[in-house]
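Open the model in your viewer and get ready to click along. Could you give me a short walk through it, one selection at a time?

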Amino acid sequence: MNDPSLRPPLNVDTSSNTTTRVKAAIVILVRNSELNDLRFTMHQLEDRWNKKFHYPYVFLNDVEFTDEFKELTTGITESETSYGLVPTEMWSYPSWINQTKADENRERMEKDNIIYGGSLPYRHMCRFNSGFFFRHPLLDEYDWYWRVEPSVEFSCNLDYDPFLFMQKNNLTYGFTISLFEFNNTIPTLWQTVKSFMRENKELVNPKNVMNFITDGTEDYNLCHFWSNFEIGNLNFWRSERYIKFFEYLDQQGGFFYERWGDAPVHSIALAMFLEKSEIHFFNDIAYRHNPYQHCPEDKDRYHYSGLCHCDPNENFDEDITKAENHNNPGESSTQSKKPRPNIILGKDGKPCRACTAFKDWTRQERKKDSSESTTTSSTSLSSSTTSIPFLGAAKKLPKDCPADSETLGRHTWTFLHTMAAYYSDTPTTTQQTMMLSFLRTFSYVYPCWYCAEHLRDEMLRKPPRVENRNVLSRWMCEMHNGVNQRLGKKIFDCSKVDERWRDGPKDGRCD
Ligand SMILES: Cc1cc2nc3c(=O)[nH]c(=O)nc-3n(C[C@H](O)[C@H](O)[C@H](O)COP(=O)(O)OP(=O)(O)OC[C@H]3O[C@@H](n4cnc5c(N)ncnc54)[C@H](O)[C@@H]3O)c2cc1C
Ligand SMILES: Nc1nc2c(ncn2[C@@H]2O[C@H](COP(=O)(O)OP(=O)(O)OP(=O)(O)O)[C@@H](O)[C@H]2O)c(=O)[nH]1
Ligand SMILES: [Mg+2]
């Protein structure tokens, strides 16, 4: 293969610098106040890479850029720079959002110390990055983008064109770090994704990468590509299937009622719509967004050769405690193992390490790296066929495990429907008052906060009916159907509620 852009990055010779440019831009959403942090980053990006390639910059902001911002950033690069205002419709509440509820939820999340839980601009930013940046008019002329943020660092030379590399190798998305999302920022994201998938099975790629984000179970393992770094194809985000997915999520309001981040949203979409061979781990791009960094570990290749200035021992791919040491150089290793406040925790509550699946990715990457010759194969992985676990049979946990929200829900509904089924046909006033009081209290103490919150909302719209057994059973059935509908489950025929919860089926199989 003589075309250098088809070779694995480290084998690309300098002649690649003269190859055709692709329609690509460096895209930076940034505030005026971050000018100096951005200058720091741009200098590194230029020195390490872009002075050889001259890709243009597109800067985006929700307010006008100042002249100072424009002049100082333009001065750093010989490339074209353009400065765009984000249109209001891409950075505001959509009409269907209940702003009072959004305000209340932000307040609660702030009190609960959820990272950026109290911030509205952060939510607009996440929604913009999830559903709109690729539709900004300044990006219309481009097919590819490299997302950059102020303060991030690039500490190795990159002597090839990653856009061309991706284009030639049919890649769609490239990342450097992946980790776990905070569960409490996305309590209902996964159920929404599951509903979307049930309703749009035909859009899901049969060779999807869902295993990366589910480990083959029914649940989201919280793994995501850290989207502050992305090199990708804009047309993936512009595709009908992704827009449909984004709009489905947007309708649910989780960008505002919760704090859905663009990283899990992007990652879930990539896992659902792409195959593994379309996603690339850029091992050779040394990248730091505090507090984590990816630094290639092969010392001969990247460090003794003078290509990099990062410390290969501080590599998030393997162990976060190494990143911790870097941030607290004076600390002993035992001290530095203590998680800092806000540190990202995995589902097991332990300090976040790179997702297991990601390690798998990097391992295969290294294997490829070491056996690399000048072949066409990129450093991305071969595709693997994975099914969609939760659309088929679910993995069963042992019975003596603590309840997850599904088990808890199933058992709680059994209790609630059975309670309604055995309620009096002619309850006294005291019995009615007690039932009302129970239901109200229940809607505050049910130990799944987002379930309880939805229930309270529903109870406001449709107050409990406790006049007799019949109406209470019916009301309960309708409440349950409300949840079924939200989760994309089958609607239950409420005329059968007695048969299900009191009398048993007519064929006598339960007698
Ligand atoms: C108050 C409450 C709120 C919840 N909110 C959420 C939420 O916001 N997000 C979330 O992910 N999970 C929520 N859950 C859990 C969710 O409803 C399910 O319990 C869980 O997903 C397990 O589902 P399942 O398929 O086993 O059946 P379940 O929905 O638990 O149903 C159990 C059985 O009840 C019967 N049934 C189904 N629908 C009805 C009906 N309308 N009337 C009478 N009987 C019926 C069926 O025979 C079914 O097998 C909530 C649970 C409760 C109790
Ligand atoms: N113009 C503009 N840019 C924003 C705003 N909020 C965030 N950004 C940009 O969006 C990107 C992501 O925001 P960050 O604040 O870095 O979010 P983060 O990476 O999750 O969090 P940090 O750990 O604080 O970096 C950065 O490029 C910010 O400059 C905003 O309100 N206006
Ligand atoms: Mg950031």
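Here is a tour of two ligand surroundings and one pair of helices, in a model that is predicted.

**Stop 1: ligand 2.** Start by selecting ligand 2 and then show its neighbours. Around ligand 2 you will find Leu29, Val30, Arg31, Glu34, Asn61, Asp62, Pro121, Tyr122, Met125, Glu149, Pro150 and Asn228. Try colouring this shell by class: six residues are nonpolar, two are polar and four are charged. Which helix gives the most to this shell? That is H4, residues 120-131, with three residues.

**Stop 2: from H4 to H11.** Keep H4 on screen and add helix H11, residues 262-273. The two axes come within 8 Å and cross at roughly 20°. Angles under 35 degrees count as roughly parallel, and H4 and H11 are therefore roughly parallel to each other. The crossing is right-handed. To see where they touch, select Cys126, Asn129 and Ser130 on H4, together with Asp262, Val265 and His266 on H11. This contact is made of two nonpolar residues, three polar ones and one charged.

**Stop 3: ligand 1.** Now move to ligand 1, which is surrounded by 23 residues. Pick out the closest: Gly409, Cys451, Cys477, His480 and Phe492. Next, show helices H16 (405-421), H18 (449-461), H19 (469-486) and H20 (497-503), the elements that each give two or more residues to this shell. H16 has the largest share, with seven residues. Colour by class once again, and the shell around ligand 1 shows ten nonpolar, nine polar and four charged residues.

Technical notes:
Residues numbered from 1 in each chain as written. Chains lettered and ligands numbered in written order. Predicted model: local features only at pLDDT ≥ 70, side-chain atom pairs only at ≥ 80, totals over all residues. Near = placed C-beta within 6 Å. Helix = DSSP H or I, 4+ residues; strand = E, 2+ residues; numbered from the N terminus. Nonpolar A, V, L, I, M, F, W, Y, C, P; charged D, E, K, R; others polar. Axes fitted to C-alpha atoms, helices over the stretch in contact; angles between N-to-C directions. Parallel < 35°, antiparallel > 145°, perpendicular 65-115°, else oblique. Left-handed = near helix turned anticlockwise from the far one by under 90°. Contact = placed C-beta atoms within 7 Å.
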